[in-house]
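Thanks for coming. I'll keep this short. Have a look at the chain on the screen, and then we'll walk through it.

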Amino acid sequence: MLSLVDIHTYYGNIQALKGVSLEVKEGEIITLIGANGAGKTTTLMSISGIVPPRSGEVRFMGKSIARMNPDKIVSLGISQVPEGRRIFPYLSVLENLDMGAFLREDKDGVKSDLDYVFELFPILAERRNQAGGTLSGGEQQMLAISRALMARPRLLLMDEPSLGLAPLVVKQIFEIIRKINSENNTTIFLVEQNANLALKVAHRGYVMENGRISLSDAAESLLVNEDVKKAYLGI
Ligand code: ATP
């Protein structure tokens with residue numbers, strides 16, 4: 001579904017990605033784990049077109065998207081749940097969700113997707129007229145995921161969904177990630193600091209170090225890999 005081939009991405013003179021290649025197959029959850037500053041967020045930004053790679057290829061459903069505008073990339077079926085949620089604090093829950101469907105013209109589809117996200121997160125239905133900024137951290141994460149789903153993505157990019165949330169809420173969010181993947185047939189690319197959780201929900205994983213992929217394997221194999229255990233699982 002998605003392939004990155006030898007991408008190099010920069011912030012001015014700073015090179016963040018130094019030849020990243022990876023693949024995501026339709027229907028899977030893949031996770032990218034690694035230390036702070038390894039380049040995980042930059043990888044997502046390179047896919048969504050927010051920080052386009054300076055060289056290399058990004059292919060999605062057979063199309064080259066490496067130099068496309070972010071809005072075009074969204075309309076092809078990729079949406080991103082950004083790190084830190086970044087909901088619109090002064091807009092209501094419903095208005096935030098409308099923003100997610102901004103590029104769509106199929107009103108009936110939008111309505112049924114709204115029903116779907118309210119079914120996934122009933123608390124958002126209860127708070128539909130409340131300003132986003134008044135929600136708890138966990139509810140804001142639910143809203144950020146729902147806003148991304150309102151674009152009806154084939155591929156959902158998620159950046160650190162567990163960040164700053166209480167363990168019970170994290171558990172709930174990860175159950176939903178599994179559900180979105182299995183019931184809604186949405187492919188998921190998950191970036192996480194919490195490698196243990198991420199590898200438990202994912203089918204396959206990539207490990208990133210200093211702007212390069214250092215390891216890739218089935219998630220269950222990475223969970224028992226001695227180097228991964230020492231470096232990322234705290235075992
Ligand atoms: P974290 O878990 O801390 O978000 P990460 O693995 O997602 O880390 P990136 O945020 O992709 O890592 O950062 C990769 C490298 O790019 C780091 O060296 C970082 O300092 C640098 N970097 C990231 N954003 C910028 C920016 N806007 N300007 C300059 N350098 C940046």
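Which elements each supply at least two residues of the shell around the ligand? Two elements do: β2 and α1. One thing to keep in mind throughout: this is a predicted model.

Let's stay with the ligand. The largest share of its shell comes from α1, with 3 residues. There are 14 residues around the ligand. Of these, G37, K40, T41, T42 and Q193 come nearest. Sort the shell by class, and you get 5 nonpolar, 6 polar and 3 charged residues.

Now the polar contacts. Take K40 first. An N or O atom in the K40 side chain sits 2.8 Å from a ligand oxygen. T41 also has a contact at 2.8 Å, but there a backbone N or O atom faces an oxygen of the ligand. Then A38. A polar backbone atom of A38 is 3.1 Å from a ligand oxygen. How much of the ligand is covered by the protein? On its own, the ligand has 620 Å² of accessible area, and the protein covers 62% of that.

Next, the sheet. Four strands, 4 in the count, form an open sheet. Read the order across: β2-β1-β4-β5. The pairing is antiparallel. The edges are β2, residues 14-24, and β5, residues 63-64. Each edge strand pairs on one side only. A general reminder: strands of a sheet pair through backbone hydrogen bonds, either parallel or antiparallel.

Look at the β5 edge. Strand β4, residues 55-60, is joined to β5 by 2 bridges, and the two run antiparallel. Which residue of β5 is the bridge partner of F60? That is K63.

Back to the helix. Helix α1 covers residues 40-48 and packs on the sheet. Helix α1 touches β1 (2-11), β2 and β4. Its direction makes about 110° with that of β1. So much for the packing; recall that α1 also gives the ligand shell its largest share.

Last stop, the start of the chain. M1 is found in the segment before β1. What does M1 touch, leaving out residues up to four places away in sequence? The list is V24, K25, E26, R59, F60, M61, R154, L155 and T187. F60 we have just met, as the partner of K63. For scale, compare M1 with G133. They are 132 residues apart in sequence, and their C-alpha atoms are 35 Å apart in space.

That's the tour. Questions, please.

Terms used
Residues numbered from 1 in each chain as written. Predicted model: local features only at pLDDT ≥ 70, side-chain atom pairs only at ≥ 80, totals over all residues. Heavy atoms only, no water. Pairing = 2+ DSSP bridges. Contact = heavy atoms within 4.5 Å. Axes fitted to C-alpha atoms, helices over the stretch in contact; angles between N-to-C directions. Near = heavy atom within 4 Å. Polar contact = N/O pair within 3.5 Å; in protein donor to acceptor, adjacent residues only side chain to side chain. Areas by Shrake-Rupley, 256 points an atom, 1.4 Å probe, with all protein chains shown as cover. Nonpolar A, V, L, I, M, F, W, Y, C, P; charged D, E, K, R; others polar.
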